[in-house]
Amino acid sequence: MMADDSSQEKTEEPTPKRLEKAREDGQVPRSRELTTSAILIIGSIGLFVWAPFMSQRLMDILRFNFTLEREVAFDTELMFSHLGSSFADAIMFLLPLFAVLAIASIVGPIALGGWLWNPKGMAPKPNRMNPAEGLKRMFGVKGLVELVKSLAKVLVILGVAILLLLAMQQDMLELSNQAVIPSIMDSMTLTGWAAIILSAVTILIVIVDVPFQIWDNNRKLKMSLQDIKDEMKDSEGKPEVKGRIRQLQREMANNRQLAEVPQADVVITNPTHFAIAVKYDPETMETPIVIAKGVDFFALKIREVAKANDVQIMESPVLARAIYHTTEVDQEIPAGLYMAVAQVLAYVFQLRNYRKGQAEQPDFPRNITVPKDMQFDP
């Protein structure tokens, strides 16, 4: 029972498949504080930048509405037309600010969890309507963190607001001594700076909230050892699927070996059941290596590729079986087979020079000796 309990503990990091599935279900880290902070900061900066233009347009609308001609004041149709024109003007000069806020509301969530369109996340979930689950969320770790964040936001923003009021006290008092238009302009400037500073303060909350949301999301996605085993079974699928995967892997490995055969110095054969391609470069290699090997059909393919690329093929059944059973692909020839392989390579290199007219025709090595402990029955 203890082993079963330990296997159910969610102590393992989520697998890539688990992360992908969670993302498909819309379960990614999100920070409402990050979104709120982005909207407040970008909105307050946009408001400050467009403040002169907006204030001028606002004064134009007020002037337009408070300087009515007599016939407009007594004509209801003209009054509605007047109001519609003012409303359209107000929308037009507020439109850039609304556009910036809309962009901020999109950039905020994307900055943490990335772009995600998931209809599943908008579907109603019965467990969210369960009062017990709601109480669990309220009094759980996340509910406590949300309470601490809310209190921290109130205290931090309140503290900064008080400091701002004290810092701007003299400037605000001087507004009463100014004319109306300069006073409006200066008050909007003070308000803009105050909004930017108060918005920037929310970054302190974001610095705490974003790591917590990432940690909390990762905690929810953690898996037990049994979960990982079950996922591996599901991924591998049925035995025939596993067999097909292994077959494809063998085909890929065989294709890679066949591509190396043209680089071989010699192919040693059984002559039909085994084929081993050996390569040796005295300048770069200490010992010869096997670059391809196979039996039956694959041995035939190795011989075909060797013939097509003028690679020397030598029949030595005992040596071919010995190399096949003692050496893997890309491995060096065992020390016990050095002498036998050296005889074969010496013959191949002399034969190559003979064909170039640089040496006499060599004799085929018929006394190739293989240690008894490396001889394998056919």
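## Exposure along helix α12

A residue counts as exposed when its relative accessible area is over 50% and as buried when that area is under 20%, with partly exposed in between. By that yardstick, Phe297, Lys307 and Ala308 are exposed on one side of helix α12. Keep in mind that this is a predicted model.

Helix α12 covers residues 296–308, 13 residues in total, and stretches 19 Å from first C-alpha to last, close to the 18 Å expected at 1.5 Å a residue. Its buried residues are Phe298, Ala299, Ile302, Arg303, Val305 and Ala306. Look down the axis of α12 and these buried residues fall within an arc of 165°, so they line one face of the helix. As general background, an α-helix has 3.6 residues a turn, so residues three or four places apart point the same way.

## The four-stranded sheet

Now for the sheet. It is an open one, built from 4 strands in the order β3-β2-β1-β4, with mixed pairing. β3 and β4 (312–315) are the edge strands, each pairing on one side only. On average, neighbouring strands here are turned by 20° against each other, ignoring direction.

Going through the pairings, strand β1 (residues 266–269) and β2 are antiparallel, with 4 bridges. They make a hairpin with 4 residues between the two strands, and Val267 sits opposite Ala277 of β2. β2 also runs antiparallel to strand β3 (residues 289–295), this time with 6 bridges, and Val278 stands opposite Val290 in β3. The parallel part of the mix comes from β1 and β4, joined by 4 bridges. Here Ile268 has Met314 in β4 as its bridge partner.

How much of β2 is buried? For this strand (residues 274–279), 5 of the 6 residues are buried, so β2 is largely enclosed by the rest of the structure.

## Helices across the sheet

Two helices lie across these strands. Helix α13 (residues 317–326) lies across β1, β2, β3 and β4, and runs at about 75° to β2. Helix α14 (residues 338–355) lies across β1, β2 and β4, running at about 135° to β4.

## Aromatic pairs

The model has 2 aromatic pairs. In one of them, the rings of Phe212 and Trp215 have centres 5.8 Å apart and planes at 35°, so the pair is tilted. Both residues belong to helix α9 (residues 180–221), where being 3 residues apart separates them by about one helical turn. What about their burial? Phe212 is buried at 15% relative accessible area, whereas Trp215 is partly exposed at 47%.

Phe274 and Tyr324 also pair up, edge-to-face, with 5.0 Å centre to centre and 70° between the planes. Phe274 is in strand β2 and Tyr324 in helix α13, so this pair ties together parts that are 50 residues apart in sequence. Phe274 counts as buried, at 13% relative accessibility.

## A buried glycine in α5

Gly108 lies in helix α5 (residues 76–113) and is buried, with just 3% relative accessible area. Which residues does Gly108 touch, leaving out those up to four places away in sequence? The contacts are Leu34, Thr35 and Ala38. Take Leu34: Gly108 is 74 residues from it in sequence, yet the C-alpha to C-alpha distance is 5.9 Å.

## Two aspartates with positive phi

Most residues other than glycine have a negative phi, which makes a couple of loop residues worth a look. Asp310 has a positive phi near 55°. It comes just after α12, in the loop between α12 and β4. Is Asp310 buried or exposed? Exposed, with a relative accessible area of 72%.

Asp330 also has a positive phi, near 70°. Its place is in the loop between α13 and α14. At 47% relative accessible area, Asp330 counts as partly exposed.

Methods
Residues are numbered from 1 along each chain as its sequence is written. This is a predicted model: local features need pLDDT of at least 70, side-chain atom pairs count only at pLDDT 80 or more; totals for chains, interfaces and linings use all residues. Side-chain values use heavy atoms; hydrogens and water are left out. Buried means under 20% relative accessible area, exposed over 50%, partly exposed in between (1.4 Å probe, protein chains only). Two strands pair if DSSP finds at least two bridges between them. The expected span of a helix is 1.5 Å times one less than its number of residues. The arc is that of the directions from the helix axis to the C-beta atoms. Axes are lines fitted to C-alpha atoms, for helices over the stretch in contact, and angles run from 0 to 180 degrees between N-to-C directions. Contact means heavy atoms within 4.5 Å. Rings of Phe, Tyr and Trp (its six-membered ring) pair if their centres lie within 6.5 Å; planes under 30 degrees apart count as stacked, over 60 as edge-to-face and the rest as tilted.
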